[in-house]
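Let's take a walk through this protein together, from its overall build down to a few single residues. Keep the model open beside you as you read.

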Amino acid sequence: MPLALTFDDGPDPRCTAHLLDVLADAGARATFFPIAPRAAAHPRVIDRIVAGGHQIGLHCGEHVRHSVDWCRRDTARALDLLGSIGVRPTLWRTPWGDTAPWSADVAHENRLRIIGWTVDTHDWRGDTVEEMLRATKDELRDGAIVLAHDGIGPGARRTDARETIEYVVRVIEHAAATGLELGIPA
């Protein structure tokens, strides 16, 4: 199983584009969980994600904690919005990774598989690349799913994704040095 890089809260026209350049240079694939209105606002970025062989999952329409009825409506709206730009996700990462007893039902109703992560970069806090590497390096192995952010979501304490992109560069170097394959979650 590959080491999977995943990105939430995008797309951001500048940061996601730069991140896609880094991934392309390395021949690496990743999974993106965009906020649906942002994806619809930047369809060229979404097209580039797809053209690069990356996977797109559902994150949300609105990045908030929710009730079951609200979640059903938000999921339907978000899937419709993504569908309008040619994307039909099969994976769902709920906002903050929060799940409730009914989350599996909503996923099943929409033919989605909920996916979490095993490695958290905490990049949203504004951690430096060195802090992120120190905290995660021992967990970067086959089958690990790395959570990072290509966009600025609610509660973020940073203004861009520069440190995240540099972290990805370093993870790519680490993977090459240790024989790890980078890919999409199994």
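A polar contact here is a pair of N or O atoms within 3.5 Å; within protein, one of them must be able to donate a hydrogen and the other to accept it. That helps with R93, where we begin. Please bear in mind that this is a predicted model.

**A buried arginine**

You will find R93 in the loop between β4 (91–92) and α5 (103–109). Is R93 buried or exposed? Residues under 20% relative accessible area count as buried, and R93 is buried because its relative accessibility is 0%. A polar atom of the R93 side chain lies 2.6 Å from the backbone oxygen of G116. Leaving aside residues up to four places away in sequence, R93 touches T6, D8, F33, L58, H59, I115, G116, W117, I145 and L147.

**The overall build**

Stepping back, the protein has seven helices and eight strands. For 186 residues, a compact globule would have a radius of gyration near 16 Å, and the protein's 15 Å agrees with that. The C-alpha trace spans about 45 × 35 × 30 Å along its principal axes. Buried residues account for 49% of the 186 residues. Among contacts between residues at least 6 apart in sequence, 74% join residues at least 24 apart. The protein exposes about 8,800 Å², and carbon and sulfur atoms supply 50% of that area.

**Helix α1**

Just ahead of this helix, P11 sits in the loop between β1 and α1, and the peptide bond from G10 to P11 is cis, with omega near -5°. At the start of α1, a side-chain oxygen of D12 comes to within 3.1 Å of the backbone nitrogen of R14.

Helix α1 covers residues 13–26; at 1.5 Å a residue its 14 residues should span 20 Å, and its end C-alpha atoms are indeed 20 Å apart. Which residues of α1 are buried? They are C15, T16, L19, L20, V22 and L23. Seen down the axis of α1, these buried residues fall within an arc of 160°, so they line one face of the helix. The background is simple: an α-helix has 3.6 residues a turn, so residues three or four places apart point the same way. On the other side of α1, R14, A24 and D25 are exposed. The cover over the buried residues of α1 includes β1 (3–8), β2 (31–33), α3 (43–51) and α7 (162–178).

**Helix α7**

The 17 residues of α7 should span 24 Å at 1.5 Å a residue, which agrees with the 24 Å between its end C-alpha atoms. Its buried residues are T164, I165, Y167, V168, V171, I172, H174 and A175. Among the elements that cover them are β1, α1, α6 (129–136), β7 (145–149) and β8 (182–183).

**Positive phi angles**

Finally, here are some residues with a positive phi.

| Residue | Phi | Place |
|---|---|---|
| G27 | near 65° | follows α1 |
| G179 | about 80° | just after α7 |
| W96 | about 60° | loop between β4 and α5 |
| R111 | about 55° | loop between α5 and β5 (113–114) |

W96 takes its positive phi although it is not a glycine, and R111 likewise is not a glycine. With 33% relative accessibility, W96 counts as partly exposed. R111, at 66% relative accessibility, counts as exposed.

Note on methods. Residues are numbered from 1 along each chain as its sequence is written. This is a predicted model: local features need pLDDT of at least 70, side-chain atom pairs count only at pLDDT 80 or more; totals for chains, interfaces and linings use all residues. Side-chain values use heavy atoms; hydrogens and water are left out. Helices (H or I, at least four residues) and strands (E, at least two) are DSSP runs, numbered from the N terminus. The expected span of a helix is 1.5 Å times one less than its number of residues. Buried means under 20% relative accessible area, exposed over 50%, partly exposed in between (1.4 Å probe, protein chains only). The arc is that of the directions from the helix axis to the C-beta atoms. Contact means heavy atoms within 4.5 Å. The radius of gyration is taken over C-alpha atoms; the globule rule is 2.2 Å times the number of residues to the power 0.38. Accessible areas come from the Shrake-Rupley method with a 1.4 Å probe; for residues, only the protein chains shown count as cover.
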